[in-house]
Amino acid sequence: MSVVRGIGVRAEWLQRLAAGLAGFAIILAVWELIVRVGWVDPFFASSPTLVWQTLVEDLGSDRFTVHVRSTLISFGMGFGIAAAAGVPLGFLAGRYRRLDVALEGPVWFLYNAPSMAFYPLFIIWFGFGRPTVVALAALLAFFPIYANASAGVRGVDPTLIKAARSFGAGELALFAKVILPASIPMVLAGFRLGLGLALLGAVVGEIFGSNSGLGYGMHHAASFLRTTDYFVMLVLTVAIGVLANEALRWAERRLSTWRG
Amino acid sequence: MPSPDHEQPVPQAHDTRAADPAPDAEPHSTDPPSSGPGGARRDRGDAELRPGTRRWPRLSQRGEQVAWSVLPTAVFLALWELAGRGDLINVGFTSTPWAISRRVVGIVTTDGFGTHAWASLEPLAYGLLGAALSGVLAGLILAEIRWVRMTFEPAVMALYCTPRLALLPVLIIWMGIGMGRTVVIVWLGAVFPILINTMAGAFERDRSLSLAARSFGATRLTELRHVTIPACLPHIVTGFRIGSTRGLLGVIVSEMYASSAGIGFLIMRSANAVDVEGLMALAAITAIAGTTMTTSIRVGGSRLIPWRSESAVVV
């Protein structure tokens, strides 16, 4: 039975993979065709083959890897700060009603603000370059992480809490043994959203206020009408986003299986 | 803000806290990427929707709740103001709440402000309208036609988890610095949350309703109109709310990058003058605009679809 199902799952997985790759292939083919036929000048639109050639030729050199490294550092730092602030605060807000009520208004207000409006202030407060980029990434990533952590705590089955309480668990034991494990899936869902937003913050921050990183690189390449370089870096940005997302999904699967 | 039944400890699904700040809703709603049919996420969703999981320690009085929601912020603002007046903090870097609010009034009542506000709102409106129409349409197509979904879902997801604002530099090359580019940026930001939520709504709808409709002889189109779309509406509203936040971010970023009018332009002008007070005031104006927009979408959404509150279904 399980063997049969295993084969079925694998076949479906393969089918999905093939179809998904076909989807990307179609998009790339259309792009290539538009340029080849001459509807669009490759000077403006580059083309998949040009991007591929440049990517393969220059990936070994420093030209792009410098930017990738810089973006990864800012992105990681921004996400780290957002997680370090968002998870504990979200846990506390989820557990203590008063804190939740107190934070509700300001958080909702700031969440709805377009975070980029704070960018010039960040430049003034933190300085040009990495600090501002990290601050922007952290600000954007904070909200989903905070909101998911608090929703995760609020969603913990009260009977579990009651059971732990009646076996004499204190607040600390309750957190460590019941609330934390039960809210992990939600926290991870928040992390996944936070990753996307941290990358957004990092790249947009680099476009505006940095002299390294993929955002800066794209801005720079586009300013000099080097569209191929621009698209190479866009592809690298997409790759970072997809990889981070997949890594988190994998972690979610790993850490959620025991929940049954 | 909180609904009257906010404090009742009656076991209910998520809607006991329908007045939540919506970041709450976003996690679930933007989640469904992976919740394709039979996706690993489905079972988790059930667990979260189990009634009675949201019991709150009761606040003794409604007054106390209001106090807790207002006082901490008020105290913070008061301390900020006092610290500024007492020269404990450098006002040149932080300004003070009173000065900022006076400046907000000053900016809003300036003659040219209407022009700038309209310069930002117009592309936002066009972009969001386009995103709503195309996002819902594409979401339904992806949900209903299997081969289209299998082919294009990975590409959609790849775009969804990358910063679309990174397209700004190349859009300038292609479209110049006019309004068209800002419309495209808004559309790019808003369309994916709408699409993905619509798709999730179509997946999570009650299949027995579709079966019932079919067995009474409904055509595919009738089913779509009377079963699928109403079932998706709460998700669409959620997607639209998230999308509109992204759209607003897009407008501001696009205008800050290159433009000669709009709120983003005003921000850059204040930035070049290192006018902290003005920057704070403009940030507050955008936050007020964003909060007004998303709150009215929430309220309007729950009026539009009274049978299900928005946050009751987002998983």
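**A walk through a two-chain helical model**

Across the interface of chain A and chain B there is just 1 salt bridge by the rule used here. Keep in mind from the start that this is a predicted model. The bridge in question pairs the side chains of A:Arg98 and B:Glu64, with N and O 2.7 Å apart. Look for polar contacts across the same interface and you get 7 residue pairs, both partners at pLDDT 80 or more. On the side of chain A that touches chain B, the residues split into 49 nonpolar, 14 polar and 12 charged.

Now for the interface as a whole. On chain A, 75 residues are in contact with chain B, and on chain B, 80 residues are in contact with chain A. About 6,900 Å² is buried between the two chains, and carbon and sulfur atoms give 71% of that. Within chain A, the residues that lose the most area to chain B are A:Arg97, A:Trp108 and A:Arg154, which together account for 12% of what that side buries.

Let's step back to chain A on its own. You'll count 11 helices and 0 strands, so the pattern along the sequence is simply α repeated from one end to the other. Its C-alpha atoms fill a box of roughly 75 × 65 × 30 Å along the principal axes. Of the 260 residues in chain A, 52% are buried. Take the contacts in chain A between residues at least 6 apart in sequence, and 72% of them join residues at least 24 apart.

Helix α6 of chain A, residues 119-126, is a good place to see both chains at work. Its buried residues are A:Tyr119, A:Pro120, A:Leu121, A:Phe122 and A:Ile124. Within chain A, these buried residues pack against α7 and α9. From chain B, they pack against α4, α11, α12 and α13. After α6 of chain A comes A:Gly127, with a positive phi near 100°.

Move on to helix α7 of chain A, where you'll find A:Val134. Is this residue buried or exposed? A:Val134 counts as buried, because its relative accessibility is 5%, and the cut-off for buried is under 20%. Leaving aside neighbours within four places in sequence, A:Val134 is in contact with A:Ser74, A:Met77, A:Gly78 and A:Ile81. Its C-alpha atom is also 8.0 Å from that of A:Gly205, although the two residues are 71 apart along the chain.

A:His220, in helix α10 of chain A (residues 214-223), is partly exposed, with a relative accessible area of 29%. From A:His220 to A:Ile207 is 13 residues in sequence and 8.4 Å in space, C-alpha to C-alpha.

Next, the salt bridges, of which the structure holds 15 over all chains. In chain A, A:Arg16 bridges to A:Glu12, with the closest N and O atoms 3.1 Å apart. Why do these two sit about one helical turn from each other? Because A:Arg16 and A:Glu12 are 4 residues apart in helix α1 of chain A. An α-helix has 3.6 residues a turn, so residues three or four places apart point the same way. A:Arg16 is partly exposed at 31% relative accessibility, and A:Glu12 is partly exposed at 35%. Elsewhere in chain A, salt bridges link A:Asp58, A:Arg63, A:Arg226 and A:Asp229 in a network.

Chain B has a longer-range example. B:Glu277 forms a salt bridge with B:Arg103, the closest N and O atoms being 3.3 Å apart. This pair links distant parts of the chain, with B:Glu277 in helix α13 and B:Arg103 in helix α5, 174 residues apart. B:Glu277 is partly exposed at 27% relative accessibility, and B:Arg103 is partly exposed at 26%.

One more bridge in chain B joins the side chains of B:Arg214 and B:Glu223, at 2.8 Å from N to O. B:Arg214 is partly exposed at 45%, whereas B:Glu223 is buried, with a relative accessible area of 2%. B:Glu223 also turns up among the contacts of B:Ser210, along with B:Arg205 and B:Val227, leaving aside neighbours within four places in sequence. B:Ser210 lies in helix α10 of chain B and counts as buried at 7% relative accessibility.

Finally, the cysteines. A search of the whole structure finds 0 disulfides over all chains. In chain B, B:Cys161 counts as buried at 11% relative accessibility, and B:Cys232 counts as buried at 0%.

Notes:
Residues numbered from 1 in each chain as written. Chains lettered and ligands numbered in written order. Predicted model: local features only at pLDDT ≥ 70, side-chain atom pairs only at ≥ 80, totals over all residues. Heavy atoms only, no water. Contact = heavy atoms within 4.5 Å. Buried area = accessible area lost by both parts, 1.4 Å probe. Salt bridge = Lys/Arg side-chain N within 4 Å of Asp/Glu carboxyl O. Polar contact = N/O pair within 3.5 Å; in protein donor to acceptor, adjacent residues only side chain to side chain. Nonpolar A, V, L, I, M, F, W, Y, C, P; charged D, E, K, R; others polar. Buried < 20%, exposed > 50% of the residue type's maximum accessible area, 1.4 Å probe, protein only. Disulfide = S-S within 2.5 Å.
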